[in-house]
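Work through the exercises below with the model open beside you, and try each task before reading its solution.

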Protein chains: 2
Amino acid sequence: MTISVPLTRMKAGERRELILRAATGVFGTSGYVGATTADVARAAGVSQPYVVRMFGTKEQLFLEVINRALELLLAGFQSALDDTSSDVALEKRMGLAYVNQLKEHGVLLSLMHAFVLGREPVIGRAARAGFMKVYRFLREDAGFDAAQVQNFLASGMLINTMIGLDMAEDYDGDPDVRELMECAFPEKVEMVRELARKRTEG
Amino acid sequence: MTISVPLTRMKAGERRELILRAATGVFGTSGYVGATTADVARAAGVSQPYVVRMFGTKEQLFLEVINRALELLLAGFQSALDDTSSDVALEKRMGLAYVNQLKEHGVLLSLMHAFVLGREPVIGRAARAGFMKVYRFLREDAGFDAAQVQNFLASGMLINTMIGLDMAEDYDGDPDVRELMECAFPEKVEMVRELARKRTEG
DNA sequence: GGTCTAAGTAATCAAACGATAACAAGTTGG
DNA sequence: CCAACTTGTTATCGTTTGATTACTTAGACC
């Protein structure tokens with residue numbers, strides 16, 4: 001039973017961002033179809049009809065979630081690109097920028113859920129466009145060649161998959177999981193485990 | 001309007017396999033939550049209650065679908081492993097075996113949909129176990145080292161993603177898509193495009 | 001301090017879905 | 001040939017869900 005009475009008022013813009021963050025987490029966990037507008041509302045601390053009225057439809061909300069996720073991702077890449085202070089190689093800096101997106105829950109996973117819905121007319125089109133936007137950034141702005149991009153994206157998709165699988169769940173019980181995770185998230189295994197713990201308990 | 005009258009009888013075993021094939025395609029396209037038992041029934045040419053009664057629940061059906069998909073995948077890998085006649089390197093043979101699973105629609109994609117539902121208690125557990133079964137096959141039976149397995153799985157997850165995105169849809173209109181596809185499916189681009197066409201038209 | 005707008009809720013609905021129950025028609029074995 | 005089991009269907013039900021409508025109330029502004 002949720003006590004829903006007083007609720008401090010916000011301007012629509014703030015509330016919108018708050019709901020988008022909540023929705024990112026929910027869609028990341030349950031997927032586009034599996035997530036309900038009531039789940040999102042609960043996570044955001046507002047009523048279900050308010051979520052729908054603010055975004056029009058669940059589909060529109062999901063589109064805004066994945067567009068926001070793409071903006072965050074590309075902004076992270078741009079920062080890694082701009083930061084020439086460190087002597088770390090570009091490809092590695094970009095990889096770290098990618099993994100750091102895990103700190104906000106659902107950013108990478110809601111994208112991943114969109115990526116497997118290519119046959120959905122509206123979402124599919126948006127997902128392809130978003131994916132290729134990342135491709136072009138890596139290819140043109142970051143200056144990767146085609147093979148580098150392919151390799152980078154492949155590693156990213158494996159990371160998404162392992163996060164989607166909640167693989168950290170089995171880290172302690174299965175040495176093969178440990179081996180794989182240490183290979184897939186170099187230097188970031190502890191962060192990933194910590195975040196998984198927080199999500200499970202909290 | 002479906003004409004549903006005469007329907008030649010089958011033994012339950014055959015009908016089961018037929019439904020599992022149909023369900024593989026439907027789950028691959030729409031995902032676990034998005035696919036309905038009525039969709040599966042329509043694709044299999046039987047009534048919706050029959051699907052439910054044969055498999056108990058939709059969840060159970062999905063579990064059988066992904067277990068079957070895993071069996072097909074591992075059988076394909078085993079064949080590639082056994083076929084020592086060709087002079088093609090093992091890693092490449094395994095890659096071809098992977099891509100050839102695309103010939104049956106939904107085998108790789110239904111697995112992919114399972115892989116992003118790690119938080120679902122039952123499906124998540126099965127998905128992790130299945131993924132690690134593949135990992136162990138590559139690591140132990142195929143003799144890959146950890147980095148090789150990571151690289152192989154990463155390429156596989158990128159392939160899954162691009163198929164899930166229905167990326168072939170944009171092959172003609174976007175030269176970057178063409179570049180990426182030629183990098184991700186070496187020598188198999190035409191097959192992928194052909195299968196995508198069949199799925200779109202048929 | 002009253003008023004008017006923007007921020008929110010409660011109540012409710014129609015559609016879709018998974019599941020169940022009850023029934024029909026082949027097929028097989030004695 | 002008929003009884004019994006298997007293969008299948010039609011009809012229907014209770015929930016869940018996204019969406020709509022109508023109502024409330026906080027707070028900014030004159």
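The exercises go from the fold of one chain to the pairing of the chains and then to the two DNA strands.

This is a predicted model, in which local features need pLDDT of at least 70 and side-chain atom pairs count only at pLDDT 80 or more, while totals for chains, interfaces and linings use all residues. Residues are numbered from 1 along each chain as its sequence is written, chains are lettered from A and ligands numbered from 1 in the order in which they are written, and side-chain values use heavy atoms, with hydrogens and water left out.

**Exercise 1. Describe the secondary structure and the overall dimensions of chain A.**

Solution. Begin with the elements: chain A has ten helices and zero strands, where helices (H or I, at least four residues) and strands (E, at least two) are DSSP runs numbered from the N terminus. Next, take the dimensions: along the principal axes, the C-alpha atoms of chain A fill a box of roughly 50 × 40 × 35 Å. Finally, turn to the interior: 51% of the 202 residues in chain A are buried, a term that means under 20% relative accessible area, with exposed over 50% and partly exposed in between (1.4 Å probe, protein chains only).

**Exercise 2. Work out how chain B is related to chain A.**

Solution. In general, two copies of a chain are related by a rotation about an axis and a shift along it. Here, a rotation of 180 degrees with 0.0 Å of shift along its axis superposes chain B on chain A with an RMSD of 0.0 Å, the fit being by least squares on the C-alpha atoms of residues with pLDDT of at least 70 in both copies. The two copies are thus related as by a two-fold rotation axis, and in chain B the C-alpha nearest that axis belongs to A154(B), 2.3 Å from it. As for the interface, 100% of the interface residues of chain B are also interface residues in chain A, so the copies meet through the same surface.

**Exercise 3. Place T161(A) in its surroundings.**

Solution. First locate T161(A) in helix α8 (residues 146–164) of chain A. Then check its accessibility: T161(A) is buried, with a relative accessible area of 0%. Leaving aside neighbours within four places in sequence, T161(A) is in contact (heavy atoms within 4.5 Å) with M112(A), M112(B), F115(B), F131(B) and M157(B).

**Exercise 4. Identify how the protein approaches DNA strand C.**

Solution. Start with the 21 residues around DNA strand C (a heavy atom within 4 Å), of which A12(A), R15(A), S47(A), R53(A) and K58(B) come nearest. Of the strand atoms within 4 Å of the protein, 62% belong to sugar and phosphate. Then look at individual atom pairs: a polar side-chain atom of K58(B) lies 2.8 Å from a phosphate oxygen of DNA strand C, whereas a side-chain N or O atom of R9(A) lies 3.0 Å from a base nitrogen of this strand. To finish, consider the elements: α3(A) gives the largest share of the surface near DNA strand C, three residues.

**Exercise 5. Carry out the corresponding analysis for DNA strand D.**

Solution. Of the 22 residues around DNA strand D, those that come nearest are R9(A), R9(B), A12(B), S47(B) and R53(B). Sugar or phosphate provides 58% of the strand atoms within 4 Å of the protein, and bases provide the rest. Among the atom pairs, phosphate oxygens of DNA strand D lie 2.6 Å from a polar side-chain atom of S47(B), 2.9 Å from a polar side-chain atom of K58(A) and 2.9 Å from a polar backbone atom of T37(A).

Key
A polar contact is a pair of N or O atoms within 3.5 Å; within protein, one must be able to donate a hydrogen and the other to accept it, and residues adjacent in sequence count only if both atoms are side-chain atoms.
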